[in-house]
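Biologist: I am new to this structure. Could you take me through how its labels are earned?

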Amino acid sequence: MDDHKISMEKIVSLCKRRGFVFQSSEIYGGQNGAWDYGPLGIELKNNISRAWWREMTQLHDNIVGLDASILMHPRTWEASGHVENFTDPLVDCKKCKTRFRADHLEAENLEKKLCPECGGELTDTRKFNLMFKTHIGPTDDNSSVIYLRPETAQGIYVNYKNIIQSNRMKIPFGIAQIGKAFRNEIVTKNFIFRTCEFEQMEMQFFVKPGDDDEWFETWKKQRWEFYKKYGIRTEKLRWHQHGKDELAHYAKDAYDIEYEFPMGFKELEGVHNRTDFDLSRHTEYSGKDMQYIDQDDGNKKYTPYIIETSAGLTRNVLAFLCDAYDEEKVADKGNADDWRVVLRFHPKVAPITVAVLPLMKKDGLAELAKEIQNELKEEFPTSYDQAGAIGKRYRRQDEVGTPFCVTIDYDSKEDNSVTLRFRDSMEQARIPRAELIDRIRKEIKNYTRA
Ligand code: GAP
């Protein structure tokens, strides 16, 4: 270890070494813009998505869930404006063939049409649609074109009437969805930050026109609180309001929650006031009336406004990893072991909650440890490790962010007590085995990052 500061290289290396995230199709040289989640990565991703789902649905009586399909009728994307507007401005270098986003180039390069890499001549700017296009059925002509959805939101809008009718929803209400989205991104650097295949956690909240500004503020607040609640340090978060030139084609107002990644502050989630744009367009393109009949307001008919909270799940995984990453000096012996790598995850998102470690494999300690792990398994995600010195085993757990270790030693056999070791402080407490589950539950509930 060198300067003991976080870097993207360190995160990528830890993710591979410990089984969080692997490059897709690595044995074939890797697939750009696609990543695979390993045993710990999928646990982390599931914990974040579960936390979000719980926050949105379980804690709100007026928000219900949906899981719409990725393939939708192609007219959906004409109505939504994606066929026409979901584009990036592109230029290519005629000499070195590198492709750039025109809006990411220095003004001088753009004006003089000069490649920033090799000085070659750049092509004119052209629009590049980010939607992945494929064909459905046995023909591959224009009549069979279908898109991989570039956002989950549209699956919610086209189902909004079904949900009102089947679940007797009344405005204001929301629909939450987690799922894959696909974008043919030109630049996919920074690990899982910007990828071609990713997951979104989106909630669309339907309100009466005129009430939208107030709900917009409410949702901004709630989404900030979510990150705070699950342990993201607020000094690493900030708001960014979209300027007129940044606003998406559907938005009246939009704020991003930005997180300070190793490459700087970048968007983590967007809160958007999408007005009645989407539902009005679906009325126009489908011929189906998407208006709401407000029985609480004299059966008045109107097209609801939509406040959207749109977070990247896979981008959240990166933010949670970066935020948790720490290198801490724990000794002064002048060697690499003086430092530990520790992921300070909130216990509710940590892939493993408790690791069970017998001091020795022999003398019945391993059997006792297994027995205790079996008790804990019913309550928490656990792991078991009996290989190597206990100090090394603690370090291995620190590196993947396990908040609690339970060590079973010779005294445990005599008095039924165990050592509970805390990841952040490295402190240890001797407690009766019978109190273990309750104690861990309490520690999780009261957890705050030091
Ligand atoms: N429905 C609105 C919408 O999709 P967006 O700002 O384009 O809005 C929302 O995307 C979130 O989805 C972003 O804040 C980001 O977290 C995530 N996201 C977007 N494109 C992504 C990509 N190529 N790779 C990973 N995450 C992405």
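Modeller: What follows is a set of short questions and answers about the ligand, a pocket and some backbone angles. Keep in mind that the model is predicted.

Biologist: Which residues come nearest to the ligand?

Modeller: Glu-151, Glu-185, Glu-202, Glu-267 and Glu-308 do, out of 21 residues around the ligand. A residue is counted there because one of its heavy atoms lies within 4 Å.

Biologist: What makes Arg-183 a polar contact of the ligand?

Modeller: The cut-off for a pair of N or O atoms is 3.5 Å. A polar side-chain atom of Arg-183 lies 2.8 Å from an oxygen atom of the ligand, so the pair is within the limit. Thr-195 uses a polar backbone atom, 2.8 Å from a nitrogen atom of the ligand. For Gln-200, a side-chain N or O atom is 3.0 Å from a ligand oxygen atom. On its own the ligand has 550 Å² of accessible area, and the protein covers 93% of that.

Biologist: Which strand gives the most to the shell around the ligand?

Modeller: S13 does, with six residues. Strands S10 (197–207), S13 (264–275) and S16 (305–312) each supply at least two. By class, the shell has ten charged, six polar and five nonpolar residues.

Biologist: What is the volume of the second largest pocket, and which residues are closest to its centre?

Modeller: The volume is about 400 Å³. Of its 16 lining residues, Pro-347, Lys-348, Thr-353, Glu-379 and Ile-444 are closest to the centre. Helix H2 (39–58) and helix H14 (436–445) each give two or more residues to the lining. H2 gives the most, with five.

Biologist: Why is Thr-275 called buried, and Asn-190 partly exposed?

Modeller: Buried means under 20% relative accessible area, and exposed means over 50%. Thr-275 has 13%, so it is buried. Asn-190 has 23%, so it falls in between and counts as partly exposed.

Biologist: What is the sign of phi in Asn-190 and in Thr-275?

Modeller: Positive. Asn-190 has a phi of about 70 degrees although it is not a glycine. Phi of Thr-275, also a residue other than glycine, is near 50 degrees. Asn-190 sits in the loop between S9 and S10, while Thr-275 lies in strand S13. Most residues other than glycine have a negative phi, and most peptide bonds are trans.

Biologist: Where is there a cis peptide bond?

Modeller: Between Ile-171 and Pro-172, with omega at about 5 degrees. Pro-172 is in the loop between helix H7 (160–167) and strand S9 (173–182).

Terms used
Residues numbered from 1 in each chain as written. Predicted model: local features only at pLDDT ≥ 70, side-chain atom pairs only at ≥ 80, totals over all residues. Heavy atoms only, no water. Polar contact = N/O pair within 3.5 Å; in protein donor to acceptor, adjacent residues only side chain to side chain. Areas by Shrake-Rupley, 256 points an atom, 1.4 Å probe, with all protein chains shown as cover. Helix = DSSP H or I, 4+ residues; strand = E, 2+ residues; numbered from the N terminus. Nonpolar A, V, L, I, M, F, W, Y, C, P; charged D, E, K, R; others polar. 1 Å grid on protein atoms, 1.4 Å probe; cavity = no way out; pocket = protein on both sides within 12 Å on 5 of 7 lines; lining within 4 Å. Points joined across faces, edges and corners; volume = space filled by probe spheres on them. Buried < 20%, exposed > 50% of the residue type's maximum accessible area, 1.4 Å probe, protein only.
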